[in-house]
Amino acid sequence: YAIGPNGTTNLLVAQERWSLLLDAEQETIVAMAFKHPGARVHSLGEILADRTVMNKYLNPNMIALATMTPPVRGLSTLNIYLIDSVRGSILHKVQSI
């Protein structure tokens, strides 16, 4: 959501900017995480075995969303979505059975 003026009056209203549609029968949200305001990054990268540096992706607007599917033959699927909370785009999705 964003706060902005209404088109006909000078009142401020909340306007939906994006949404993420999940099939309620196929996925249930089980967890959500985000960067806490004021949290600091202690290192900007990881040193790998070959002594190169893998830089961290630092997006302060990124949220993580975890969903589960209903069990089929005793197995559920865990889905992890990394979402840019400003644009609403899915940056990455991982599935695990």
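## Exercises on a predicted all-strand chain

The protein chain has a radius of gyration of 19 Å, whereas a compact globule of 97 residues would have one near 13 Å. That radius is taken over C-alpha atoms, and the globule rule is 2.2 Å times the number of residues to the power 0.38. This is a predicted model, where local features need pLDDT of at least 70, side-chain atom pairs count only at pLDDT 80 or more, and totals for chains, interfaces and linings use all residues. Residues are numbered from 1 along each chain as its sequence is written, and side-chain values use heavy atoms, without hydrogens or water.

**Exercise 1.** Find what the C-alpha trace of the protein chain spans along its principal axes, and what share of residues is buried.

*Solution.* Start with the spans: about 60 × 45 × 20 Å. Then turn to burial (under 20% relative accessible area, 1.4 Å probe, protein chains only): buried residues make up 15% of the 97 residues.

**Exercise 2.** Work out the secondary structure of the protein chain.

*Solution.* Count DSSP runs, taking helices as H or I of at least four residues and strands as E of at least two. The result is 0 helices and 8 strands, in the order β-β-β-β-β-β-β-β.

**Exercise 3.** Locate the salt bridge and say whether each partner is buried or exposed.

*Solution.* Look for a side-chain nitrogen of Lys or Arg within 4 Å of a carboxyl oxygen of Asp or Glu. The structure holds 1 such bridge, joining D84 and R87 at 3.2 Å, N to O. Next, check accessibility: D84 is buried at 7%, while R87, at 56%, is exposed (over 50% relative accessible area).
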